[in-house]
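Please open the model in your viewer and keep the sequence panel beside it. The tour goes from one selection to the next, with a word at each stop on what is there.

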Number of protein chains: 4
Amino acid sequence: MIIVLRPGATQADVDHIVERAQKLGLKPHISKGTQRTIIGLIGPEDALRAIPLEVFPGVENVIPVLAPYRLVSREFKKEDSEIAISANVTVGGKKITVIAGPCAIESEERLLEIGEKAKAAGATVLRGGAFKPRTSPYDFQGLGEKGLEILKRVSAQLGMPTVTEVMDPRDVGLVARCADILQIGARNMQNFNLLKEVGQTKKPILLKRGMSATIKEWLMSAEYILAEGNHNVILCERGIRTFETATRNTFDISAIPVVKHLAHLPIIADPSHAAGKYSYVPALAKAAVAAGCDGLIIETHTRPEEAASDGAQSLLPEKLTELLRELKTIAAAVGREL
Amino acid sequence: MIIVLRPGATQADVDHIVERAQKLGLKPHISKGTQRTIIGLIGPEDALRAIPLEVFPGVENVIPVLAPYRLVSREFKKEDSEIAISANVTVGGKKITVIAGPCAIESEERLLEIGEKAKAAGATVLRGGAFKPRTSPYDFQGLGEKGLEILKRVSAQLGMPTVTEVMDPRDVGLVARCADILQIGARNMQNFNLLKEVGQTKKPILLKRGMSATIKEWLMSAEYILAEGNHNVILCERGIRTFETATRNTFDISAIPVVKHLAHLPIIADPSHAAGKYSYVPALAKAAVAAGCDGLIIETHTRPEEAASDGAQSLLPEKLTELLRELKTIAAAVGREL
Amino acid sequence: MIIVLRPGATQADVDHIVERAQKLGLKPHISKGTQRTIIGLIGPEDALRAIPLEVFPGVENVIPVLAPYRLVSREFKKEDSEIAISANVTVGGKKITVIAGPCAIESEERLLEIGEKAKAAGATVLRGGAFKPRTSPYDFQGLGEKGLEILKRVSAQLGMPTVTEVMDPRDVGLVARCADILQIGARNMQNFNLLKEVGQTKKPILLKRGMSATIKEWLMSAEYILAEGNHNVILCERGIRTFETATRNTFDISAIPVVKHLAHLPIIADPSHAAGKYSYVPALAKAAVAAGCDGLIIETHTRPEEAASDGAQSLLPEKLTELLRELKTIAAAVGREL
Amino acid sequence: MIIVLRPGATQADVDHIVERAQKLGLKPHISKGTQRTIIGLIGPEDALRAIPLEVFPGVENVIPVLAPYRLVSREFKKEDSEIAISANVTVGGKKITVIAGPCAIESEERLLEIGEKAKAAGATVLRGGAFKPRTSPYDFQGLGEKGLEILKRVSAQLGMPTVTEVMDPRDVGLVARCADILQIGARNMQNFNLLKEVGQTKKPILLKRGMSATIKEWLMSAEYILAEGNHNVILCERGIRTFETATRNTFDISAIPVVKHLAHLPIIADPSHAAGKYSYVPALAKAAVAAGCDGLIIETHTRPEEAASDGAQSLLPEKLTELLRELKTIAAAVGREL
């Protein structure tokens, strides 16, 4: 922690800060410049974060030095984490994992139809929402528990592990019994009680980045889950909110190398929610693989005109098949497989 | 709903859309321009929102015409809503309500000390957090149930109604028993299950705007609560996330006249979270009153250096007293009282 | 400047940085913490900004301590600057200056008609654009030199000083002869050659904040003008670009207290461009005065339906009159006059 | 253009709009819904944009239907445009063009040294700034005319065409004589007089996207150049400003497919300015090629520690060589060459 003092700060101001810091077991380093005095505090920043140093007399600015996350950081663990999903599927290794399926589970027949096509195209994990967070209370909210049962049966039938969103801490047990990966949606990235709840399971967690979350905040949300004992976290970039309206969200492709630099957790990309339009999905998917992502989650539907939610961003199975074929060569070009 | 077709759209494309719209009970109006054909669909847009018209052949763009909210809109209710908090306190009438208190409840003595000063300064509602949403799992998370009990006792002692945050649907009953207003924090603005849960109480709800929520999305979140039967919603502007870092958030002062135009619900302002620095709080508070807000929620602390959370943005009681005095004349200048 | 080293940085890395810093006449302070080594460099940061310290081996992060502006800062000049516009008009003193007029100069008759009404309402400076920066090359681009002559004649007739935009360094001399204040528009805030050119005049400059400029960058642009010898700079907040679309821009009301804290230059507000809709202008104007602005620039038109540009955000003269009456009491409430 | 009326709009309001529209040669279509009346106006929207329909009585909202650009649009020209730079270099064809070189021209020796390495690595165009737009007036502003002469000599020596920024309309002639491509920087994207000036040359123009420009505004700026008769415009995505600070800008990878969909102009990517850190440049460059860009502009320096500007984001020649090798296979995977 570095404390920059105002030009007129007094020796008493310095002493007051030093005294408080020493009580917390920190070692102060004082540098008096021509224009400013600066106090560097050596030691655990957590202790300091609890004190509002900004209100101490004479203080102009407080600059943290250490990243606030630990368990997720590269410093804590140097090697890339690999998260086992099922006997055959892992996220974070050489192989890029493709998750596909409809936005919402609409019926058993439809999910099976889509899942079969997705599997044939090369996807190894099936997605499908039973609890849908919708901006409007009047829009389709998902089939709920019934949807989860469908998901479980289709998963067994196809031999594909599954991912589905959990929105409520009260549903964590139920969802954990029906799906292989629990998804925390963008709107719940800072629903800390939900994070703590899924942190107490041993399930792989797919943690989507919040719409306006910095990468640092996103990693802190992952830290919540790891801090509860569950280290099986997969990060998912799905676009952030900016002024641009040509796409639904602005896909932050840079998040991939930045996360890889800062953390050991795998990161996958959701080009469908980022684009909001199916025609832009292939370009974003290719970009994500080229940039080094560990997987993709792609909305697919056999009859987009009848999709209960997000039909506009769903790929037809034949488009998915074509895309995955192209992705194979890009994956190879960056030393990966798909 | 207006559907703009691509230049090359065929008559078959038009017929396909018209047929689908008619099945839903909508009346299509077709306008063929020199460059584009446009189809206007007259009737309830909700039915249409369920269909991904963007994927229909020939469609370039789909433009909704009606606002997606109903119960919160000025069209549903022309007059300003007034929300009764206690025998003496109402939000939304001529009188501007001042809510003050610490960010987090730290101890009974401290809350009482701050509450007394806040009351003396002119605040009529006491704030204090028992459940604190913190970016880091290692930061103080609030006193929880114990904090709620403190809040209840101090409230009784001072004769001030209270507001406190609820973060988890499982805590709604508990919080509703201990506080007069339930606050939904910015991070939970789209925690739809929590919204539904508080919608089933009769308690006044303080709904903070999400960090990156449009005004439309914010009103849709309010709609969730009203749709469950609870019309006692108070909106709270607390700043949005932008590229500017000189303040913690960018206080969107325009939200006040915009919300007043679109909705009948009262809107209050939180200058403390917007500014992030106590020295900017008075200017923002004055601006909010001048712009027509119905209340203010201001963080106050008697010993900011010891505050467990957000000390940097807390006003000392003497500053609060001074501010409320200045606000009185501004309130009068815009035909209000404080 | 503070340099944070990576965990694995070597003594050679430290020596390399120290050696380079000493050559530049800077004094290094080294603090070795448990997790990180930090080097504080004492001395003029300008010298350091020229070196890309981020690429030096072992460096993780470089944190500047001093603000990069000097002449505009409060440290350079403690008292508020007052900019004299004409014999009777000053910006930055106790009196809040009201600038009003049409977006674009359309004809002499119309400008005179609007100017008279604006003056009667209480405005003391007349605005009107002769060079209009328009997003589309097919939109009205202003009357140019002919417009400037109209402005000069109307100014003389009404006895009101004027402000108009200059977009091209080649036009600075011409505009300086015809108007009293030269406006640098938001799109040109970082047109550095234009800034240098107006910096070489002695004219008051109205420097609008760029659409996505931080306050720091805005002050740096002002610094360009002051560095050329022209200290007559008036800053103008006109809204920034964010994700919110309910208003044309997001009026950053916090910029007023922040600028007042950091710089000695006067700051005025442009509620018309921020709002984009006339009905929201009064609320924003009141907020700006309450927050401490030194002036307002308000678009006014007698026949908005016929305005060549930005009619939607123009106030009718009667609305302006009413607004200025209300603003008088708010100004008084914050110790100002209008 | 679609005009949505307020619930209480009268027949007189409708007539007033219809009359005005008909005078402009537009054909109105009126649709009366249960909640709203909508007027569709068929005909050239340009005529309409000049009228502030929003202020007409009874109007709630005005929705444009047509894109405001013409010459740059896919509807105007179906096939991809190819811009010839020199006898051997074209932008927009099958081959992906690599532009490399230092941010600023520092000396003839250094530019030659860097240019040779860049050429050896596979770059075919040399970049180097002589006029540098710097946030601070105290930072290195470029060698100016002397720099341009260096650029010209090094270009001749290496047989590489060049690109350099022009910031001032007065310098367009000079820069056009010394360089092969004129760059309009992000800060000048809406410097309309500069756009008009370069529009009057026949030179290829590299038009960088403004920091907070929507894709639509960017295309409108290109339209300014084409409207003056110069159709040789190359667009360049270089990152937009968002709340995220982990990278210097947020690289909007989606802009590539979106621009390809809307316009016929080539689009290249600038991963260096987007990332701001050299270590993130390769991932972004790969992503851009995979997403379909027509070229890359990459900052390269042989001695980043001594770079006069932007050293932190410059690649060493050996890193550039390695990157271009990897890009070759990605280019092949998406049907391109490099």
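Begin with chain D of this predicted model, where an open sheet of 4 strands can be followed in the order β2-β3-β1-β4, with antiparallel pairing. If you colour residues 27-32 and 59-63 of chain D, you have the edge strands β2 and β4, each of which pairs on one side only. From one strand to the next, the twist averages 20°.

Within this sheet, select residues 2-5 and residues 37-42 of chain D, which are the strands β1 and β3; they run antiparallel, and 3 bridges join them. To find a place where the two strands face each other, show D:Val4, which stands opposite D:Ile38 in β3(D). Strands of a sheet pair through backbone hydrogen bonds, either parallel or antiparallel.

Next, add residues 11-23 of chain D, which form helix α1; this helix lies across β1, β2, β3 and β4 of chain D, and runs at about 160° to β2(D).

Now move to chain A and look for the barrel. Here 8 strands close up in the order β7-β8-β9-β10-β11-β12-β13-β14, and the pairing is parallel. Neighbouring strands of this sheet are turned against each other by 25° on average, when direction is ignored.

For one pair of neighbours, select residues 205-208 of chain A, strand β11, together with residues 233-237 of chain A, strand β12; the two run parallel and are joined by 4 bridges. Which residue of β12(A) is the bridge partner of A:Lys208? Showing the residues of that strand leads you to A:Cys236, the partner of A:Lys208. With these strands still on display, add α7(A), which packs on the sheet and touches β11, β12 and β13 (267-269) of chain A, while its direction makes about 160° with that of β12(A).

Helix α7(A) is worth keeping selected, as the next two stops return to it. First bring in helix α8, residues 255-262 of chain A, beside α7, residues 215-227 of chain A: the two pack at an angle of about 50°, and their axes are 11 Å apart. The helices α7(A) and α8(A) are therefore oblique to each other, and α7(A) passes α8(A) in a right-handed crossing. Where they meet, α7(A) contributes A:Ile215, A:Trp218 and A:Leu219, and α8(A) contributes A:Ala255, A:Val258, A:Val259 and A:Leu262. Divided by class, this contact of α7(A) with α8(A) has 7 nonpolar residues, with no polar and no charged ones.

Then hide α8(A) and show helix α6, residues 192-199 of chain A, which packs with α7(A) at an angle of about 40°, the axes being 7 Å apart. This pair, α6(A) and α7(A), is therefore also described as oblique, and the crossing of α6(A) and α7(A) is right-handed. On the α6(A) side, select A:Phe192, A:Leu195, A:Lys196, A:Val198 and A:Gly199, which meet A:Ser221, A:Tyr224 and A:Ile225 in α7(A). By class, the contact of α6(A) with α7(A) has 5 nonpolar, 2 polar and 1 charged residues.

A further pair of helices in chain A can be found by selecting α3, residues 108-121, and α11, residues 317-333, whose axes come within 9 Å and cross at roughly 20°. Are α3(A) and α11(A) roughly parallel or oblique to each other? Since angles under 35 degrees count as roughly parallel, α3(A) and α11(A) are therefore roughly parallel to each other. Their contact is made by A:Lys117, A:Ala118 and A:Ala121 of α3(A), and by A:Pro317, A:Leu320, A:Thr321 and A:Leu324 of α11(A). These residues of the contact of α3(A) with α11(A) divide into 5 nonpolar, 1 polar and 1 charged.

Finally, zoom out to the chains. A rotation of 180°, with 0.0 Å of shift along its axis, superposes chain B on chain A, with an RMSD of 0.0 Å; that is the relation of a two-fold axis. To locate the axis from chain B, select B:Ser212, whose C-alpha is the nearest to it in that chain, at 2.9 Å. The same surface serves both copies, as 100% of the contact residues of chain B recur in chain A.

Key: Residues are numbered from 1 along each chain as its sequence is written. Chains are lettered from A and ligands numbered from 1 in the order in which they are written. This is a predicted model: local features need pLDDT of at least 70, side-chain atom pairs count only at pLDDT 80 or more; totals for chains, interfaces and linings use all residues. Side-chain values use heavy atoms; hydrogens and water are left out. Axes are lines fitted to C-alpha atoms, for helices over the stretch in contact, and angles run from 0 to 180 degrees between N-to-C directions. Angles under 35 degrees count as roughly parallel, over 145 as roughly antiparallel, 65 to 115 as roughly perpendicular and the rest as oblique. A crossing is left-handed if the near helix is turned anticlockwise from the far one by less than a right angle, and right-handed if clockwise. Contact means heavy atoms within 4.5 Å. Ala, Val, Leu, Ile, Met, Phe, Trp, Tyr, Cys and Pro count as nonpolar, Asp, Glu, Lys and Arg as charged, and the others, Gly among them, as polar. Two strands pair if DSSP finds at least two bridges between them. Copies are superposed by least squares on the C-alpha atoms of residues with pLDDT of at least 70 in both.
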